[in-house]
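User: Hey, I've got a structure open and no idea where to begin. Can you walk me through it?

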Amino acid sequence: MKEDRLILTDQEESTSTRFVSFMGESHRYDLAITSSKKYEDKKMVINLQSNHYALLSQSEVEEDGHLEHAFNLTEVEAEELRDFLREVV
């Protein structure tokens with residue numbers, strides 16, 4: 001490791017990751033959903049197609065505009081994703 005690099009934190013943890021692909025009305029979604037003890041009630045949701053990701057709680061899934069912004073989606077696409085995430089976050 002480089003000597004002049006300032007490491008703020010360096011932790012390893014076993015996580016659980018679920019890979020899900022589904023087709024909405026207008027868009028295909030390929031997601032990796034990771035659970036971790038560190039983030040307790042949140043899950044890291046990664047859109048594997050666009051490389052956008054967000055650390056989400058249930059309230060953030062429901063928040064207007066949050067998914068649209070985090071994943072660069074239209075309102076229709078975000079609602080499709082929201083419907084799915086309600087079941088898994």
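**Rings, core and charges**

Analyst: Let's begin with Y29, which counts as buried because its relative accessibility is 1%. Keep in mind that this is a predicted model.

User: OK. Which rings link up with Y29 into a cluster?

Analyst: The cluster made by ring pairs holds F22, Y29 and F84. The count of aromatic pairs comes to 2. In one of them, the ring centres of F22 and Y29 are 4.8 Å apart and the planes sit at 20 degrees, so this pair is stacked.

User: Why do you give both a distance and an angle?

Analyst: Because a pair of aromatic rings is described by the distance of the centres and the angle of the planes.

User: Got it. What about the largest nonpolar core, how many residues has it got?

Analyst: It has 18 residues, and those with the most contacts inside it are L56, F71, L81 and L85. Strand 2 (28-35), strand 4 (52-56), helix 2 and helix 3 are the elements that give two or more residues to this core.

User: Which element gives the most?

Analyst: Helix 3 does, with 5 residues.

User: Is there a reason for nonpolar stuff to gather like that?

Analyst: In soluble globular proteins, nonpolar side chains tend to be buried together.

User: Zoom in on F71 for me. What does it touch?

Analyst: Leaving out residues up to four places away in sequence, F71 touches V45, N47, H52, Y53, A54, L56 and L81.

User: Some of those must be in strands. How do strand 3 and strand 4 run, parallel or antiparallel?

Analyst: They run antiparallel and are joined by 5 bridges. V45 has A54 in strand 4 as its bridge partner, and both of these residues are touched by F71. Strand 3 and strand 4 also form a hairpin with 4 residues between them. In that turn, N51 has a positive phi of about 65 degrees.

User: And what does strand 3 do with strand 2?

Analyst: Strand 2 and strand 3 (residues 43-47) pair in the antiparallel sense too, over 5 bridges. Across that pairing, A32 stands opposite I46 in strand 3.

User: I clicked on S35 by accident. Where is it?

Analyst: S35 is in strand 2. Its relative accessibility is 26%, so S35 counts as partly exposed. Not counting residues up to four places away in sequence, it touches T15, S16 and K43. S35 and S16 are 19 residues apart in sequence, with their C-alpha atoms 5.2 Å apart in space.

User: Switching to charges. How many salt bridges are there?

Analyst: The count comes to 7 salt bridges. Side chains of opposite charge can pair when their charged atoms come close. One example is E62 with R86, where the closest N and O atoms are 2.6 Å apart. That pair links distant parts of the chain, with E62 in helix 1 (residues 58-62), R86 in helix 3 (residues 75-88), and their positions 24 residues apart.

User: Are those two buried or exposed?

Analyst: Both land in the middle class. E62 counts as partly exposed because its relative accessibility is 34%, and R86 counts as partly exposed at 33%.

User: What about R82, which charged partners does it have?

Analyst: R82 forms a salt bridge with E68, with the closest N and O atoms 3.4 Å apart. R82 lies in helix 3 and E68 in helix 2 (residues 66-71), so this pair ties together parts that are 14 residues apart in sequence. R82 also meets E79 in a salt bridge, at 3.1 Å from N to O. E79 and R82 both lie in helix 3, 3 residues apart, which is about one turn of the helix.

User: Why does R82 count as buried?

Analyst: Because its relative accessibility is 5%, and the cut-off for buried is under 20%. E68 is buried as well, with a relative accessible area of 18%. E79, at 33%, counts as partly exposed.

User: Which residues end up in one network through shared partners?

Analyst: Salt bridges that share partners join E62, E68, E79, R82, D83 and R86 into one network.

User: Last one: what else is E68 in contact with?

Analyst: Setting aside neighbours within four places in sequence, E68 is in contact with L73, T74, E75, A78 and R82. With R82, the side chains also make a polar contact at 3.4 Å.

Conventions:
Residues numbered from 1 in each chain as written. Predicted model: local features only at pLDDT ≥ 70, side-chain atom pairs only at ≥ 80, totals over all residues. Heavy atoms only, no water. Salt bridge = Lys/Arg side-chain N within 4 Å of Asp/Glu carboxyl O. Buried < 20%, exposed > 50% of the residue type's maximum accessible area, 1.4 Å probe, protein only. Core = buried A, V, L, I, M, F, W, Y, C linked by side-chain atoms within 4.5 Å. Contact = heavy atoms within 4.5 Å. Phe/Tyr/Trp six-rings, centres within 6.5 Å; stacked < 30°, edge-to-face > 60°. Polar contact = N/O pair within 3.5 Å; in protein donor to acceptor, adjacent residues only side chain to side chain. Pairing = 2+ DSSP bridges.
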